[in-house]
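Please walk through this model step by step, with attention to its loops, its helix packing and its internal spaces.

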Amino acid sequence: MDYPLAGKRVFVSGHRGMVGSAIVRRLEREDCEILTAGRSEVDLIRQSEVEAYLARTRPDCVIIAAAKVGGIMANSSYPADFLYQNMMIEANLVHGAHLADVNRLMFLGSSCIYPKFAEQPIVEESLLTGPLEPTNEWYAIAKIAGIKLCQAYRKQFGRSYISAMPTNLYGPNDNFDLTSSHVIPALMRKVHAAKVSGAPSVEVWGTGTPLREFMHVDDLADALAFLLARYDEAEHINVGYGSDTPIRELAETIMDVVGYEGEIAFDTSKPDGTPRKIMDSGKLHALGWTPRIDLKAGLAQVYEWYLANQPDADVAAQ
Ligand code: GDP
């Protein structure tokens, strides 16, 4: 498939979030028209608003970067929000796009769609072969439904709707709220605060042994632009970095980047979540795309962003 982005009108939903804002930055390098809409203009949970917006703006392509997202604690504390909001956002956008005759759509999921004990690295085919990790099953079920929606509209109506499954992401505009964030912004904020206050140690949840695969969101956005231009299959495709890192090592790297020399205090009353979650991204790599931003360089870039935006990032997180 050849789908040049030049000249296309692309609606990026969720453009204020970490992923959506990275996609906008990346698409600005293509010769396309980018459409965005704040929540006051279109509330993605409201079907009539989404349908009216798409009928009025008539994009050529829709990217579903909007989602209710959160870390391990948020997911298990707000199951209704995660399941309901994500199902509504994706159902409204996929169906609304179809009604507005939008023939190209990209849906974004997450590596948590895969079974807790899937063989690692996780291949696309392991979807729905076993039970999910309970700490984020609500989000995962919604995201699995999103993949199936794209497949259903492809099958029934011949739509070129595709799904990409990113690994754990980090980058500018991440959520730095300690109760709802993912591990990287949480540790960056905590380590920075410990350095500033001269605290002897910094708290890291769990045992430090779980392994996670991390990708900078600018790499993700680049992979998505690549896929949008040439991928057109029903099967979802993994977008991963290719190697994983124990949480203890991640914490040490962040301490290094921040310049903090205290100790790590593991809080084992907090959950570890799934022991390992690395995806097999061989299919994407075989198409000719590979990531460029290594973890330490990416963390250093995000720390710079955090320092430049910290008062806002911390307040936005309240
Ligand atoms: P997950 O990949 O869905 O489990 O999402 P997270 O990014 O929230 O957590 C990844 C791992 O980092 C888990 O094992 C957490 O227990 C661990 N972790 C360590 N410290 C923290 C922290 O301060 N916040 C978060 N969210 N996770 C932490």
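**From a loop to the cavities**

Ala 66 is found in the loop that runs between strand 3 and helix 3, the latter spanning residues 72–77. The model is a predicted one, and what follows should be read with that in mind. With a relative accessibility of 9%, Ala 66 counts as buried, because the term applies to anything under 20%. Leaving aside neighbours within four places in sequence, Ala 66 is in contact with Ser 13, Gly 14, Leu 44 and Ile 89. A longer reach along the chain can be followed from Ala 66 to Gly 273, since these two residues are 207 residues apart in sequence, while their C-alpha atoms are 24 Å apart in space.

Phe 107 offers a second point from which to look at the interior. This residue has its place in strand 4, which covers residues 104–108, and at 0% relative accessibility Phe 107 counts as buried. What surrounds Phe 107, once its neighbours within four places in sequence are set aside? The contacts are with Ile 64, Glu 90, Lys 143, Gly 146, Ile 147, Cys 150, Ile 162, Ser 163 and Ala 164. Between Phe 107 and Ala 265, which lie 158 residues apart along the chain, the C-alpha atoms are separated by 38 Å.

The packing of helices can be taken up next. Helix 2 (residues 47–57) and helix 4 (residues 79–99) pack at an angle of about 35°, and their axes are 9 Å apart. The crossing of helix 2 and helix 4 is right-handed. On the side of helix 2, the residues involved are Gln 47, Val 50, Glu 51 and Leu 54, and these meet Asn 92, Leu 93, His 95, Gly 96, Ala 97 and Leu 99 of helix 4. By class, the residues of this contact of helix 2 with helix 4 divide into five nonpolar, four polar and one charged.

Helix 4 also holds His 98, a residue that is buried, with a relative accessible area of 15%. Not counting residues up to four places away in sequence, His 98 touches Tyr 153, Phe 157, Arg 159 and Tyr 161.

Some details of the backbone deserve separate attention. Arg 58, in the loop between helix 2 and strand 3 (61–64), has a phi near 50°, which is a positive value in a residue other than glycine. Is Arg 58 buried, partly exposed or exposed? At 44% relative accessibility Arg 58 counts as partly exposed, because that class covers the values between 20% and 50%. Asn 173, in the loop between strand 6 (168–170) and helix 6 (183–197), likewise is not a glycine and yet has a positive phi, of about 65°; Asn 173 is partly exposed, with a relative accessible area of 33%. A further backbone feature is the peptide bond from Gln 120 to Pro 121, which is cis, with omega near -15°. Pro 121 is found in the loop between strand 4 and helix 5 (137–157).

The internal spaces remain to be described. The structure holds two cavities of 30 Å³ or more, and the largest of them has a volume of about 70 Å³. Gln 120, the residue that precedes the cis bond to Pro 121, is one of the residues that line the largest cavity, together with Ser 111, Cys 112, Tyr 114, Pro 115, Lys 116, Ile 122, Glu 133, Asn 136, Thr 274, Arg 276 and Lys 277. The residues of this lining divide into four nonpolar, four polar and four charged.

The second largest cavity contains about 40 Å³ of space, and its lining is made up of Ile 23, Arg 26, Leu 27, Ile 63, Ala 221, Leu 224, Ala 225 and Leu 228. Which helices each supply at least two residues of this lining? Helix 1 (18–27) and helix 7 (217–230) do so, and helix 7 gives the most to the lining, with four residues. By class, the lining of the second largest cavity has seven nonpolar residues, no polar residues and one charged residue.

Definitions and conventions
Residues are numbered from 1 along each chain as its sequence is written. This is a predicted model: local features need pLDDT of at least 70, side-chain atom pairs count only at pLDDT 80 or more; totals for chains, interfaces and linings use all residues. Side-chain values use heavy atoms; hydrogens and water are left out. On a 1 Å grid over the protein atoms alone, a cavity is a set of points where a 1.4 Å probe fits but cannot get out, and a pocket is an open set with protein on both sides within 12 Å along at least five of seven lines; lining residues have an atom within 4 Å of a point. Grid points are joined across faces, edges and corners, and a volume is the space filled by probe spheres set on the points. Ala, Val, Leu, Ile, Met, Phe, Trp, Tyr, Cys and Pro count as nonpolar, Asp, Glu, Lys and Arg as charged, and the others, Gly among them, as polar. Axes are lines fitted to C-alpha atoms, for helices over the stretch in contact, and angles run from 0 to 180 degrees between N-to-C directions. A crossing is left-handed if the near helix is turned anticlockwise from the far one by less than a right angle, and right-handed if clockwise. Contact means heavy atoms within 4.5 Å. Buried means under 20% relative accessible area, exposed over 50%, partly exposed in between (1.4 Å probe, protein chains only).
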